[in-house]
Amino acid sequence: MDKLWAGRFKSALNSAADDFNSSIRVDSRMYREDIEGSQAHVRMLASCGIVTEAEADAILRCLGEIRAELDDGRLEIDYACEDIHSFVEKTLTARIGDTGKKLHTARSRNDQVAVDTRLYLRRMADEEKAALLTLVRTLVKLAKENTETILPGYTHLQRAQPISFAQQLLAYANMFLRDLERLADCRVRINRCPLGAAALAGTTYPIDRTLTASLLGFDGICENSVDAVSDRDYIAELAFVNALIAMHVSRLAEEVTLWASYEFRFVELSDEFSTGSSIMPQKKNPDIAELARGKCGRVYGDLHALLTMLKGLPLAYNKDLQEDKEAVFDSVDTVLATLGVLAPMLETMTVRKDEMRKAADGGYINATDCADYLAKKGLPFRDAYKITGALVAYAIDEGKTLAGLSLDEYRTFSPLFEADVYEALDMHTCMSLRSSEGGTAPARVEEQIRKIEEHIHD
């Protein structure tokens, strides 16, 4: 089969080199975008008088038929073609003859592949947005059910202070909100039209680039023709956003894996999102959460591959740029697949409030509140801190919680302790008094929920 670039060459491409050069198994997923870009291009050509209306109508009609046949499987992609652009043009020309050959007027594969990629990644960014919104809504729903559920908050993976389970969930919701903001910002830079840049220098035909951009829903054109065909910043940027999404997913998946362990027992994952062991019948493994955690490294690798591929390229187009799609497609696919299982896994898990409370009661996580109690009685905080530390050491030696100490035991350490210390150190009191903006007090958590819901309201 003749290549689009045949004519200059006296012999066919070596078969191994041909296979090495081919990208159709990667870029064939962009057939819709390739056809959409070609339809806009030919409409512009007709508007500018470069092709006739009759020629444009024939091309548009045939492109529509090709799209419909590919959609429903009546037409199969020929993987012997070099790329999806070659396949569509070959099919078009085979059906309508020389008129089909006019489609590529005032266009290069360089600006064609750039517009296909931008159109495709714009659509993928919108799909990622929808998946992230689903996840945030799931976290908010869980948070609403757990504003009073006491959880030991951790620092250094050591029990630290009492918070609500809702507060912990909303921390992740806020991470994903930032991801949504970054995704929207990245989409702005994706949404520029490179068509009309041709190979690198523009074209001698009197085209209307703004019309093409408008027909394709872009916000405007890529202003420099050399940059238009060599720019892959938007691809690397989306891969970076995906890397952050994957990192946030990984942190949440790590916590779920810990919470589901027998050592924590804070949650129980649904059987739908757990697996077993081939040899140990008692096992219920959080494999979905673990895979979500593990996929993060893969998405990091995609970003690193893109940045490394781009770092030494001179302007304008180089064949190295063909390597951009496999990496960014894998990045998008991995993030979408992971988000697709994470939300229902969280929605179907059982929250074990009793185990969370038991861990909170046994962790001396109201010690800061004990020091604050003494400070509010007039003792300098550093002295109060030292006394409370000694009190905790004593309680540990005695095998008691702070709530389990008698008032006489308290007063051994300071005469400032009175009967109201038990109310002050109650876990709900400790949580409710942390009412600074953004804090874990139920009223403040409900405030956070309202703000998030307003932010994601469609």
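Here is a short chat about reading a helix, a hairpin and a loop residue in a predicted model.

Mentor: Before we start, this model is predicted, so local features need pLDDT of at least 70, side-chain atom pairs count only at pLDDT 80 or more, and totals for chains, interfaces and linings use all residues. Residues are numbered from 1 along each chain as its sequence is written, and side-chain values use heavy atoms, leaving out hydrogens and water.

Trainee: Which residues of helix 20 are buried?

Mentor: An α-helix has 3.6 residues a turn, so residues three or four places apart point the same way. Helices here are DSSP runs of H or I with at least four residues, strands are runs of E with at least two, and both are numbered from the N terminus. In helix 20 (residues 442–456), Pro442, Val445, Gln448, Ile449, Ile452 and Ile456 are buried, meaning under 20% relative accessible area (exposed is over 50%, partly exposed in between; 1.4 Å probe, protein chains only). Seen down the axis, these buried residues fall within an arc of 115 degrees, so they line one face of the helix; the arc is that of the directions from the helix axis to the C-beta atoms.

Trainee: And what is exposed on the other side?

Mentor: Ala443 and Glu454.

Trainee: Where does serine 108 lie?

Mentor: Serine 108 is in the loop between helix 6 (98–101) and helix 7. This serine is buried, with a relative accessible area of 13%. Leaving aside neighbours within four places in sequence, serine 108 is in contact with Ala198 and Ala199, where contact means heavy atoms within 4.5 Å.

Trainee: What about the hairpin of strand 1 and strand 2?

Mentor: Strands pair if DSSP finds at least two bridges between them. Strand 1 (residues 150–155) and strand 2 (residues 158–164) run antiparallel, joined by six bridges. Two residues sit between the strands, and histidine 156 takes a positive phi near 55 degrees.
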